[in-house]
Amino acid sequence: KPSTKRAFRIWRGDESGGDLQDYQVEVNDGEVVLDIVHRLQATEAPDLACRWNCKAGKCGSCSMEINGMPRLACMTRMSTFEETETVTVTPLRTFPVIRDLVTDVSFNYVKARETPAFAPPADLAPGQYRMQQVDVERSQEFRKCIECFLCQNTCHVVRDHEENKTAFAGPRYFIRAAELDMHPLDAKTDRKEYAQAEQGLGYCNITKCCTEVCPEHIKITDNAIIPMKERVVDRRYDPLVWLGSKIFRR
Ligand code: SF4
Ligand code: F3S
Ligand code: FES
């Protein structure tokens, strides 16, 4: 099929402001939104800023909002849109804009640093760690995270409430907590308690928007957040569990 010209609206600007600009760009069979950004850079918009690396859905760099949906530009096929449809491309909304489609995602690095690291028992030297295959597999899903931060960008707790950013670590760091919670050699921190007390797990009201946008199809809500919430609730707030612990402790 010959290439066609299609309509795009792309947000151009920086931290001081900007607006949507219209472009007509050639589109060929099999192309993805990132190809269009690259074509614009090669033609009429050489200064269009965009972050990308792998073009294979694995580096997590090309996160942006396409027709209002948080997505990876390299994994969004042009064939998913009608030929007559204008495709609107904007930067991630939850993080400050640096320029054009590039945002400052350092919020996530701050949250990563705040999360206590894997803490194996002190009497084990490196090389002595042993774990069962079943334990390796249990948290394998969470290690597929490519750190695209689409879940972090989507969660309404921070997307609509800038003021929550200090108290809320976000879904990407809830799966990290769940992963370490399942790790048989992670000894030091009670990850569930920590998630509740320090990571703001209680702010999450299980809307599952994070799970919907995850390009790795990690079941963030069902497999990480809900089990951590349930166990925290079990232990701390369920009156029967509380009563049981009082009675049996005697
Ligand atoms: Fe991206 Fe999914 Fe990781 Fe969130 S959990 S950062 S959406 S890969
Ligand atoms: Fe946010 Fe996901 Fe919870 S979108 S509210 S972290 S289920
Ligand atoms: Fe690496 Fe899109 S360029 S995920």
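**Exercise 1. Work out how many residues of helix 6 are buried, and list them.**

*Solution.* Start with the extent: in this predicted model, helix 6 covers residues 171-181. Next, count: nine of its 11 residues are buried, so the helix counts as mostly covered. Now the list: Pro 171, Arg 172, Tyr 173, Phe 174, Ile 175, Ala 177, Ala 178, Glu 179 and Leu 180.

**Exercise 2. Find the residues around ligand 1 and sort them by character.**

*Solution.* Step one is to collect the shell: Cys 145, Ile 146, Glu 147, Cys 148, Phe 149, Cys 151, Arg 172, Ile 175, Cys 214, Pro 215 and Ile 220 surround ligand 1. Step two is to sort them, which gives nine nonpolar, no polar and two charged residues. Step three links back to helix 6: Arg 172 and Ile 175 are in this shell, and both are among the buried residues of that helix.

**Exercise 3. Do the same for ligand 2, and say which elements give two or more residues to its shell.**

*Solution.* First, the shell around ligand 2 holds Cys 155, His 156, Pro 171, Cys 204, Asn 205, Ile 206, Thr 207, Lys 208, Cys 209, Cys 210, Thr 221 and Ile 225. The elements that supply two or more of them are helix 8 (209-213) and helix 9 (220-236). Sorting the shell gives seven nonpolar, four polar and one charged residue.

**Exercise 4. Decide whether the two faces of strand 3 are covered or open, then find its partners.**

*Solution.* Begin with a rule of thumb: side chains in a regular strand alternate between the two faces of the sheet. For strand 3 (residues 63-66), that puts Ser 63 and Glu 65 on one side and Met 64 and Ile 66 on the other. These four are buried, so both faces are covered.

Now the partners. Strand 3 pairs with strand 4 (residues 69-72) in the antiparallel sense, over four bridges, and Ser 63 sits opposite Leu 72. The hairpin they form has two residues between the strands, and Asn 67 there takes a positive phi near 50 degrees. With strand 5 (residues 87-90), strand 3 makes an antiparallel pairing over two bridges; here Glu 65 faces Thr 90.

**Exercise 5. Classify Met 69 as buried, partly exposed or exposed.**

*Solution.* Place the residue first: Met 69 belongs to strand 4. Its relative accessible area is 45%. Buried needs under 20% and exposed needs over 50%, so Met 69 falls in between and is partly exposed.

**Exercise 6. Explain why helix 1 counts as largely enclosed, and name elements that cover it.**

*Solution.* Helix 1 spans residues 33-42, and eight of its 10 residues are buried, so the rest of the structure largely encloses it. Those eight are Val 33, Leu 34, Asp 35, Ile 36, Val 37, His 38, Arg 39 and Leu 40. The cover includes strand 1 (4-14), strand 2 (17-27), strand 3 and strand 5.

**Exercise 7. Trace the contacts of Val 89, then place Val 89 in the largest nonpolar core.**

*Solution.* Skip neighbours within four places in sequence, and Val 89 is in contact with Arg 9, Ile 10, Trp 11, Val 33, Met 64, Glu 65, Ile 66 and Leu 101. Then turn to the core, which has 56 residues. Phe 8, Ile 10, Ile 66, Met 78, Val 89, Phe 174 and Ile 220 touch the most other members. Two familiar names turn up: Phe 174 is buried in helix 6, and Ile 220 is in the shell of ligand 1.

How values were computed: Residues are numbered from 1 along each chain as its sequence is written. Chains are lettered from A and ligands numbered from 1 in the order in which they are written. This is a predicted model: local features need pLDDT of at least 70, side-chain atom pairs count only at pLDDT 80 or more; totals for chains, interfaces and linings use all residues. Side-chain values use heavy atoms; hydrogens and water are left out. A residue is near a molecule or strand if one of its heavy atoms lies within 4 Å of it. Ala, Val, Leu, Ile, Met, Phe, Trp, Tyr, Cys and Pro count as nonpolar, Asp, Glu, Lys and Arg as charged, and the others, Gly among them, as polar. Buried means under 20% relative accessible area, exposed over 50%, partly exposed in between (1.4 Å probe, protein chains only). Two strands pair if DSSP finds at least two bridges between them. A nonpolar core is a set of buried Ala, Val, Leu, Ile, Met, Phe, Trp, Tyr and Cys residues joined through side-chain atoms within 4.5 Å. Contact means heavy atoms within 4.5 Å.
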